[in-house]
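Student: I should like to learn how to read a structure of this kind. Could we look at it together, one feature at a time?

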Amino acid sequence: MLMKISFVVNGKATEVECEAADTLAEVLRNQLNLNGTKVSCEVQVCGACTVLIDGLPVSACTMLAYEVRGKNLLTVEGLENPDGTLHPIQQAFIDEFAFQCGFCTPGMIMAAKALLDENPRPTRDEIIHHMDGNICRCTGYVPIVNAIERAANVIGKEQRK
Ligand code: FES
Ligand code: FES
């Protein structure tokens with residue numbers, strides 16, 4: 001049976017019809033064309049599907065879509081600045097060569113966003129600890145940690161202007 005649910009995604013009020021068993025990842029990708037959210041393990045292990053709900057990182061592969069009724073979602077598509085420039089975390093991933101195939105990257109970036117919103121000046125160990133739910137098979141992780149450190153510095157400088 002289809003149910004109608006509404007929520008805000010990337011600042012836009014949105015209404016969809018979905019089955020009770022539809023996951024949030026399915027609705028984002030298949031109904032809203034927000035394909036930046038990747039699906040890999042589908043069992044909440046790899047972090048590829050990470051999105052923010054009311055500012056907190058969640059796995060969209062296991063969250064059911066109806067659970068986000070009335071909530072505020074942010075996906076990687078919503079990170080870009082209004083003028084079309086990239087968010088500092090996105091830019092830092094490019095500057096530090098923090099991806100190869102890129103499949104893990106949207107989830108990494110969203111997890112990093114949650115970290116820097118909560119803790120704008122994390123230590124390297126805090127970054128590593130926070131990111132341990134996000135798996136990358138390509139990079140060896142060092143460039144990812146470097147990118148998050150770089151983004152924290154850039155955001156810090158912008159905030160001090
Ligand atoms: S696809 Fe959701 S955690 Fe792996
Ligand atoms: S860049 Fe390929 S999985 Fe991370």
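Tutor: Certainly; please keep in mind that this is a predicted model. Let us begin with the covering of a helix: the buried residues of α1 are covered by elements that include β1 (2-9), β2 (12-19), β3 and β5 (72-74).

Student: Which residues of helix α1 are buried?

Tutor: Helix α1 spans residues 24-31, and its buried residues are L24, A25, V27 and L28.

Student: Which residue with a positive phi follows α1?

Tutor: That residue is N33, with a phi near 60°.

Student: Strand β3 was named as part of the covering of α1. Where in the sequence is β3, and which strand holds T50?

Tutor: Strand β3 comprises residues 50-53, and T50 belongs to it. Residues count as buried when their relative accessible area is under 20%. T50 has a relative accessibility of 8%, so it is buried.

Student: What surrounds T50 beyond its neighbours within four places in sequence?

Tutor: Apart from those neighbours, T50 is in contact with P57, V58, G107, M110, A111 and N134. In addition, a polar atom of the T50 side chain lies 2.7 Å from the backbone oxygen of G47.

Student: How should I read the cysteines, and how many disulfides are there?

Tutor: A disulfide is a covalent bond that joins the sulfur atoms of two cysteines. With a cut-off of 2.5 Å between the sulfur atoms, the count here is 0 disulfides.

Student: Are C136 and C138 buried or partly exposed?

Tutor: C136 is buried, because its relative accessible area is 8%. C138, at 25% relative accessibility, is partly exposed.

Note on methods:
Residues are numbered from 1 along each chain as its sequence is written. Chains are lettered from A and ligands numbered from 1 in the order in which they are written. This is a predicted model: local features need pLDDT of at least 70, side-chain atom pairs count only at pLDDT 80 or more; totals for chains, interfaces and linings use all residues. Side-chain values use heavy atoms; hydrogens and water are left out. Buried means under 20% relative accessible area, exposed over 50%, partly exposed in between (1.4 Å probe, protein chains only). Helices (H or I, at least four residues) and strands (E, at least two) are DSSP runs, numbered from the N terminus. A polar contact is a pair of N or O atoms within 3.5 Å; within protein, one must be able to donate a hydrogen and the other to accept it, and residues adjacent in sequence count only if both atoms are side-chain atoms. Contact means heavy atoms within 4.5 Å.
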